[in-house]
Amino acid sequence: MNEYVYLKNVDIYFSEGLNVITGETGTGKSLLLDVIGSFLDYQNIRSETFSADMVVNLPDDFEDLGIGRGQRIFTVERKNKRMFYKIDGRLVGREVVQDILSTVITIHKQNSHMKLLDKDFILEVLDNVAENSELLRDYGELFREYQQVLKIISNSDKEMELKKLEELREKVKEIEEANLDIHEEQDLEERYKKSLNIQTTVQNYNAASQQLEEIEYALRKIYNLIEEKYHQLLDTAIESIAELSNRISKDIFELEEMNIEEIENRLWMYKKLRRKYGPTTEDVLDNLSKWRNDIREIERTIEILDNAAIKMNKVENELQILAMKISERRKNAAEKIVGMIAKHLKELNMNARIEFAFEQKNISKNGIDEVELVGSTLSKGQLYPLRKIASGGELSRLMLALELSLASTDVLVYDEIDAGIGGVTAVKLAEKLSELSKNHQVIVVTHLPQIALKADKHLALRRFGDEGTIEELDEERRSEEIKRMFGGSEVIEIIGDLKDKV
């Protein structure tokens, strides 16, 4: 990691099992998770310019992305507020990196327990467990069609649509009949310029031809004025003039064969259509293409309007069937999750009844379910929405129980999930994280010494002014750090004294 806030040229090596990051308040422990999050959808970047490499062991091939399993180097770089991503030195899009790493790494952020009050988040959890992605994709496509039909019915008037259709068809017909072609237009303009020159030439040739006739007539009158010995020379002159006159007449005939009027008419057609639908011929042709599409859309709209009732019933029925399938799978997922949550809550020293409360609503983009978590810390009685009864600490434990129930990726990153937790619950939490780390690589930013005591690797962040360092602690330094987290040697001695008195 290079130049991220006050972390400069930092190398961190996480091990298998439980990796714990500790440090004084304000040292910026969460900065490390910012950088990991920059490879995912967790965007909390606090530096204008930085770069980082992350080595990840991919368990699977991503053939569609051209990435194989095994160790891969992922790189992120920020310059001028823009993010650049690479895999093994090859520049790729952010989506590619996120698609790959989201299957390997999950980040649980600070205050993520507040999402338990978000009904959309609850639906997302249930859909993930229920594996509803394909059904939701089909439902989404159908729902968009449903909205389009509704919009057409609400905003469209058949008479107006028919009028627009007639006007567009007239425009398209006029342009199509003209059979416009950009290359033809250019050729016509060149020929027209040439024809204008030819017209001048014809005029000049006609004048020359007339003058040659007059010259020939004048030469013939000379015969009577000169001796016979000069007649041969005069014959030669007259023959030359006659030949020249003949050739000019032939050229005039050929030039007059060119149909200037036809060229002018064709060019006028281009000019007229440019004026009406332009300003350029390219614009006319672009509009032609657009209006053809518009005609198809209007025809489809009119067809929908003609069959609106039938269409709406068909789409609504299909949506209802899909929505019911999605809902049923959500309810099955809810039963599965509730059992796991209850188990983890008990182990986290919290006795509570938790359920997912389903309420059916009208068809919407997410289906027909409105779901929220309800619960109670009493063994009997009514369950109430968590937003009304749960404290921050209870929500934190509940969120942890949910996350423990849903742990799926190989790497799990927790950013101070111990907020609002202490005492015996902190010990239970440490045990749960230790248990979780047997099957996952777990990275935790924490203030709790109970969690630090369970670490397979303990990293401490130190800050000195504008410089920050990350230390991998050996046993001696780890002991000192844990003492600090408990409150120092004096606090530990007091605890010891209290224990002796008990």
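**Exercise 1. The second largest cavity**

Task: State how much space lies in the second largest cavity of this predicted model, and determine which residues and elements line this cavity.

Solution. Step 1: The space in the second largest cavity comes to about 50 Å³. In total, two cavities of 30 Å³ or more are counted. Step 2: The lining consists of Leu116, Leu117, Lys119, Glu372, Leu373, Leu386 and Arg387. Step 3: Two elements each give two or more residues to this lining, namely β8 (367-376) and α11 (386-389).

**Exercise 2. The setting of lysine 432**

Task: Establish whether lysine 432 is buried or exposed, and identify the side chain with which its own side chain makes a polar contact.

Solution. Step 1: Lysine 432 belongs to helix α13, which covers residues 423-436. Step 2: The relative accessible area of lysine 432 is 4%. The limit for a buried residue is under 20%; lysine 432 is therefore classed as buried. Step 3: Once neighbours within four places in sequence are set aside, the contacts of lysine 432 are Lys343, His344, Glu347, Leu348 and Leu404. Step 4: With one of these residues, histidine 344, the side chain of lysine 432 makes a polar contact of 2.7 Å.

**Exercise 3. A threonine in a loop**

Task: Locate threonine 446, classify it as buried or exposed, and find the backbone atom that its side chain reaches.

Solution. Step 1: Threonine 446 lies in the loop that runs between β11 (441-445) and α14 (449-452). Step 2: Its relative accessibility is 0%, so threonine 446 counts as buried. Step 3: The side chain of threonine 446 reaches the backbone nitrogen of leucine 448, at 2.9 Å.

**Exercise 4. Two hairpins**

Task: Describe how β3, β4 and β5 are paired, and find the bridge partner of isoleucine 87 in β5.

Solution. Step 1: Strands β3 (residues 70-79) and β4 (residues 82-87) run antiparallel and are joined by six bridges. Within this pair, isoleucine 87 of β4 stands opposite phenylalanine 74. Step 2: The two strands make a hairpin with two residues between them, and asparagine 80 in the turn has a positive phi of about 50°. Step 3: β4 also pairs with β5 (residues 90-92), in the antiparallel sense and over three bridges. In β5, arginine 90 is the bridge partner of isoleucine 87. Step 4: The hairpin of β4 and β5 likewise has two residues between its strands, and there aspartate 88 takes a positive phi near 50°.

**Exercise 5. The open sheet**

Task: Give the strand order of the six-stranded open sheet, name its edge strands, and describe how β6 is joined to β10.

Solution. Step 1: The order of the six strands is β6-β10-β11-β1-β12-β13, and the pairing is mixed. Step 2: β6 (105-108) and β13 (467-472) are the edge strands, each pairing on one side only. From one strand to the next, the twist averages 15°. Step 3: β6 and β10 (residues 411-415) run parallel and are joined by four bridges. One position in this pairing is isoleucine 107, whose bridge partner in β10 is valine 413.

**Exercise 6. The protein as a whole**

Task: State how many helices and strands the protein has, and what percentage of its residues count as buried.

Solution. Step 1: There are 16 helices and 13 strands. Step 2: The protein has 502 residues, of which 39% count as buried. Step 3: Consider contacts between residues at least 6 apart in sequence; of these, 69% join residues at least 24 apart.

How values were computed:
Residues numbered from 1 in each chain as written. Predicted model: local features only at pLDDT ≥ 70, side-chain atom pairs only at ≥ 80, totals over all residues. Heavy atoms only, no water. Pairing = 2+ DSSP bridges. Axes fitted to C-alpha atoms, helices over the stretch in contact; angles between N-to-C directions. Buried < 20%, exposed > 50% of the residue type's maximum accessible area, 1.4 Å probe, protein only. Polar contact = N/O pair within 3.5 Å; in protein donor to acceptor, adjacent residues only side chain to side chain. Contact = heavy atoms within 4.5 Å. 1 Å grid on protein atoms, 1.4 Å probe; cavity = no way out; pocket = protein on both sides within 12 Å on 5 of 7 lines; lining within 4 Å. Points joined across faces, edges and corners; volume = space filled by probe spheres on them.
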